[in-house]
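This report describes how the parts of one structure fit together. It takes the contact between the chains, and then the contact between the domains of a chain.

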Number of protein chains: 2
Amino acid sequence: MKVYIIGIGLIGGSMALDIKTLNPEATVYGIDSNESHMQEALVLGVVDAAASIEDIVDADFVILSVPVDVALVVLPKVLDVVGKNTIVFEVGSTKAPICEAVSNHPKRRNFIATHPIAGTEFSGPSAAIKGLFEGKTNIICEVERTAFKLQERALDLFKSIGMRIRYMDPNAHDKHIAYVSHLSHISAFMLGKTVINKEKDEQDIFDMAGSGFESTVRLAKSSPAMWTPIFKQNKIQVVETLEEYISNLSHFKDLLVNDDYDAIFEEMESVNRIKEILNGMHAKT
Amino acid sequence: MKVYIIGIGLIGGSMALDIKTLNPEATVYGIDSNESHMQEALVLGVVDAAASIEDIVDADFVILSVPVDVALVVLPKVLDVVGKNTIVFEVGSTKAPICEAVSNHPKRRNFIATHPIAGTEFSGPSAAIKGLFEGKTNIICEVERTAFKLQERALDLFKSIGMRIRYMDPNAHDKHIAYVSHLSHISAFMLGKTVINKEKDEQDIFDMAGSGFESTVRLAKSSPAMWTPIFKQNKIQVVETLEEYISNLSHFKDLLVNDDYDAIFEEMESVNRIKEILNGMHAKT
């Protein structure tokens, strides 16, 4: 089995590690425009060898795990090269633009659009970890546009690394993911900004911040290079979520200004059922 | 050693557990207006026996761990009763109002105002855990107003359960804590509200939400009964933090509306140094 990973970061690198563990006979090739990442991936044993796009003609799998703006450019080129038995998948956090970009490509049936809902706030080959996808959801879009035999091979791979599958329309994906992922990132980044701007003497933050602050701001460690194109591609949905979030925060502030503490209590109490929603997340499999 | 815990929840209960572990000869009494919490604390072994405020006259320690509005009413009554060798401390998330409330109390020197920066999003006696305070910061306000011998006894206790001490003016405490704690809670509650309101079919949240959303929204599980009076007591500071947070979010939204992705990249990149700040948090001891 020949597997090519284009972009060996957190997601691509973690897939490489799981594939190598589960398929000792597989050769995993890395393709990365960042030479130091490529070398790091080789040294860490995340991939077996370096390759270039011309090599992928007889690949079994091509995994495209690059920032979503780069994916729009690279995916058509990858499809131009691959043979008829290659399944190509892409793992970005927006799905409508990438589906649109290859909608009329003659090898559209060699491609499957996926979004594995898995990750950490870290990036690069050193962020790759085994078992990242165990118990996580993989959202697949426009599955009917992928050749049946290639679908099957991709699904077998996703299941072998522990993922459960959900099928979704790409526009619905982009709309929902704006709420449960993209907004969380902006919320964390702007919380970090607010606190950093205020607390010029950072020692005050070190000393007073507890695990609650850390949890809420964790995603502000994320890579701007990865997230800027996501926000760009999902602009309309993200702006809508931000407007609703800002409106909810402003309403809460008004309640406080007006000393309406009964309403503030009710606001919080009605959101408390997020407990069951989060527990439901863990119960899922 | 006789220790009385008034309000046996996450903080008071966790202190009780650590004190019992470190001082097998100590008797820890619980006082709680919630009868089912009292019974639960006895069954779980968080406290040794139930007591009432009249009993605390010969206490060595009285720990007041109740919502901050209740503390304002109960602390003067506690001080009315205690003997001259009793040290009373209170652990709420606001410090100026409680210092003010007992500023002129004849037994002010029996009281030490503290804020242990420790906790989880859970509450009640069943939330009590051993070792909660290990490596955490305890902020002490107006230390000079506590009798020297009683200060010493309180500090020995805090150090024995693993806390490091920081001294701070109560107003400075309330101002800083609004940024690094109170704002995080509102941010999480309103993020939860935004997503719940949008996603009527909760299964979509279960399926698409990952660990990032969970981390950002975790504090929205917190107790409204505990947090409403905190926001009330720290209203002016909290409103200020909220205004700055909303302004930062609105600015980010405007950058997105205006397609200024270079500026969006820079916004995120400049907040990325939260990594070092959070690492600094873990390095502290």
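A salt bridge is counted here when a side-chain nitrogen of Lys or Arg lies within 4 Å of a carboxyl oxygen of Asp or Glu. In this predicted model, the side chains of A:Lys198 and B:Glu240 form such a pair, with 2.9 Å from N to O. A:Lys198 also forms a salt bridge with B:Glu244, where the closest N and O atoms are 3.6 Å apart. That second pair runs between chains, from helix α6 of chain A to helix α10 (residues 235-257) of chain B. Side chains of opposite charge can pair when their charged atoms come close.

Three of the salt bridges are set out below.

| Lys | Glu | N to O distance |
|---|---|---|
| A:Lys198 | B:Glu240 | 2.9 Å |
| A:Lys198 | B:Glu244 | 3.6 Å |
| A:Lys221 | A:Glu121 | 3.3 Å |

A search of the whole structure gives 22 salt bridges over all chains. Across the interface of chain A and chain B there are 10 salt bridges, along with 22 residue pairs in polar contact, both residues at pLDDT 80 or more. Helix α6 (residues 170-198) of chain A contributes the most to the side of chain A that touches chain B, with 19 residues. Sorted by class, that side of chain A holds 43 nonpolar, 22 polar and 24 charged residues.

**The two chains**

How are the chains arranged relative to each other? A turn of 180° with a shift of 0.0 Å along the axis lays chain A on chain B with an RMSD of 0.0 Å. The two copies are thus related as by a two-fold rotation axis. The residue of chain A that comes closest to this axis is A:Thr216, whose C-alpha is at 2.1 Å.

How many residues does each chain bring to the contact? Chain A gives 89 residues and chain B gives 88 residues. Of the interface residues of chain A, 99% are also interface residues in chain B, so the copies meet through the same surface.

The size of an interface is often given as the accessible area lost when the parts come together. Between chain A and chain B about 9000 Å² is buried, and carbon and sulfur atoms give 68% of this area. In chain A, the residues that lose the most area to chain B are A:Val180, A:Met208 and A:Met268, which together make up 8% of what that side buries.

**The two domains of chain A**

The domain assignment divides chain A into domain 1 (2-169) and domain 2 (173-283). Taken over C-alpha atoms, the centres of these domains are separated by 30 Å. In chain A, 18 residues of domain 1 are in contact with 15 residues of domain 2. The area buried between the two domains of chain A is about 1300 Å², with 61% from carbon and sulfur atoms. On the side of domain 1, A:Ser93, A:Thr94 and A:Glu121 lose the most area to domain 2 of chain A, together 42% of what that side buries.

A:Glu121 also appears in a salt bridge with A:Lys221. Across the interface of the two domains of chain A there are 2 salt bridges and 9 residue pairs in polar contact, both residues at pLDDT 80 or more. The elements giving two or more residues to the domain 1 side are α3 (68-81), α4 (96-101) and β7 (137-141) of chain A. Of these, α3(A) gives the most, with 3 residues. By class, the domain 1 side has 10 nonpolar, 4 polar and 4 charged residues.

How values were computed:
Residues are numbered from 1 along each chain as its sequence is written. Chains are lettered from A and ligands numbered from 1 in the order in which they are written. This is a predicted model: local features need pLDDT of at least 70, side-chain atom pairs count only at pLDDT 80 or more; totals for chains, interfaces and linings use all residues. Side-chain values use heavy atoms; hydrogens and water are left out. Copies are superposed by least squares on the C-alpha atoms of residues with pLDDT of at least 70 in both. Contact means heavy atoms within 4.5 Å. Buried area is the accessible area (1.4 Å probe) that two parts lose on being put together, summed over both. A polar contact is a pair of N or O atoms within 3.5 Å; within protein, one must be able to donate a hydrogen and the other to accept it, and residues adjacent in sequence count only if both atoms are side-chain atoms. Helices (H or I, at least four residues) and strands (E, at least two) are DSSP runs, numbered from the N terminus. Ala, Val, Leu, Ile, Met, Phe, Trp, Tyr, Cys and Pro count as nonpolar, Asp, Glu, Lys and Arg as charged, and the others, Gly among them, as polar. Domain bounds come from an automatic or database domain assignment.
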